[in-house]
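Trainee: Could we go through this structure together, asking each time what a term rests on?

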Amino acid sequence: MLRGTVELIGDKSISHRAIMLSSISKGNNKISNFLMGEDCLSTVACFKKMGVDIELNNKEVFVKGVGLRGLKTPSDILDVGNSGTTIRLMMGILAGQNFESTIIGDESIGKRPMKRVSNPLRSMGCDIAGKDDANYIPINIKGGKLNHIDYHMPISSAQVKSALILASLYGNESSIIHEKVKSRNHTEIMLKSFGADIEVNNLDIKINPVEELFNKDIYVPGDISSAAFLIVGALICEGSEVLIKNVGLNETRVGIIDVIRKMNGNIEVVEEHEICGEKVGNLLVRYSPNLIGTTIDKEIIPRLIDEIPIIAVLATQADGDTIIKDASELKVKESNRIKSIVENLNTIGANVIELEDGMIIKGKRKLQGGKILTYSDHRIAMSFSVANLISENKVLLDSDKSIDISFPGFNNLLKELSK
Ligand code: S3P
């Protein structure tokens, strides 16, 4: 069983944006509760290479912003490691700079598509080259003057949307981006507080270029995508009760809470408040013996896309079928998550059918344990560490190194909570 109180680590998406926006704004600021995970540290390293003075001290970061046009030609190739958010958002910023840059990353980034960003940036006048017509790294960007864009997003992606919003800051006139389904909106919230001229009207985002952005101190709320592993652990382990403090509860991120409630899970939001334009609260989660299957599809998918691996583990403990569809974006995450979830869950004794755009999990099944492959995907590693808590025999991971990408200290925390 899991019991205790957790002070949650900072949100990955917001930590990335905090570094990027602070770097291209005027003035100095402090970022508190920054996530010192490998992905966010890749963002820090890239902006340092472009001449930004960034000092890390425990969970605090001090940035000396250089302004919208103050970045310098990188001292070296920009290496984003495993981080999709770093590469895609940074491409938007690099498109507007007066210099040329090259971006690389690790093996997983090497398989992730970038044309979704390269193509609209090209239509703004940016010169981008790279493997397979700039779909894959290495990507070379010759930045410069950009035109504005009026873009209807073909997929729902906060990374693509954010890249285009950031490039629009450097446009010749006002740009508009139309979303199909609402994706996380941290870029819009933070930009507004930094003085950007950005107007959000439901699914339409209008950006007017400004001369400068201005730094403000930022407090990064806890990451609901990291909390998700502890939440599911508490829901499925008999006798559990966990209070998770300081969780970011932005509407565009809390799909997992809606799903848990539909599945009969016992989760309560206590003490909700707002910090830096983001909703934050404490979550109280208790063991839930009467979980039922549900259907997860359409508009809710972007609101829980990163939580699908751990929701799938949860679904093995729910009576009836859980159907996940409209989620083909899972195929282009840190691993092909449809395959990595389905194969591994079946290996440890669940009954899961693979779909083209999701999966069907047939519950409730007693998990047996076994050897699983993480494909160096942090969310797969953590999902199966949670599955291990309720398995008859051990769930053995090929490696748990990837966990440091987004949740350093996860294993110790799980041990501390396990009674
Ligand atoms: C992220 C957006 C999502 C998410 C990723 C982080 C972000 O990706 O899966 O882990 O910080 O903007 P997409 O926008 O590509 O769906």
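What follows is a short exchange on a helix, a sheet and a ligand.

Mentor: This is a predicted model, in which local features need pLDDT of at least 70, side-chain atom pairs count only at pLDDT 80 or more, and totals for chains, interfaces and linings use all residues. Residues are numbered from 1 along each chain as its sequence is written, and side-chain values use heavy atoms, with hydrogens and water left out.

Trainee: Why is helix H6 called mostly covered?

Mentor: Buried means under 20% relative accessible area (1.4 Å probe, protein chains only), and eleven of the eleven residues of H6, residues 158-168, are buried, among them Lys161 and Leu164.

Trainee: What makes E9 and E11 edge strands?

Mentor: Two strands pair if DSSP finds at least two bridges between them, and the open, mixed sheet has the order E9-E10-E12-E11. Strand E9 (150-152) and strand E11 (197-201) each have a single partner strand, so one side of each is left without a neighbour in the sheet. For E11 and E12 (residues 204-208), which run antiparallel, there are five bridges, and valine 200 stands opposite isoleucine 205.

Trainee: How do you know that serine 157 makes a polar contact with the ligand?

Mentor: A polar contact is a pair of N or O atoms within 3.5 Å; within protein, one must be able to donate a hydrogen and the other to accept it, and residues adjacent in sequence count only if both atoms are side-chain atoms. A polar side-chain atom of serine 157 lies 3.0 Å from a ligand oxygen, which meets that limit, as does the 2.7 Å for serine 13.

Key
Buried means under 20% relative accessible area, exposed over 50%, partly exposed in between (1.4 Å probe, protein chains only). Helices (H or I, at least four residues) and strands (E, at least two) are DSSP runs, numbered from the N terminus.
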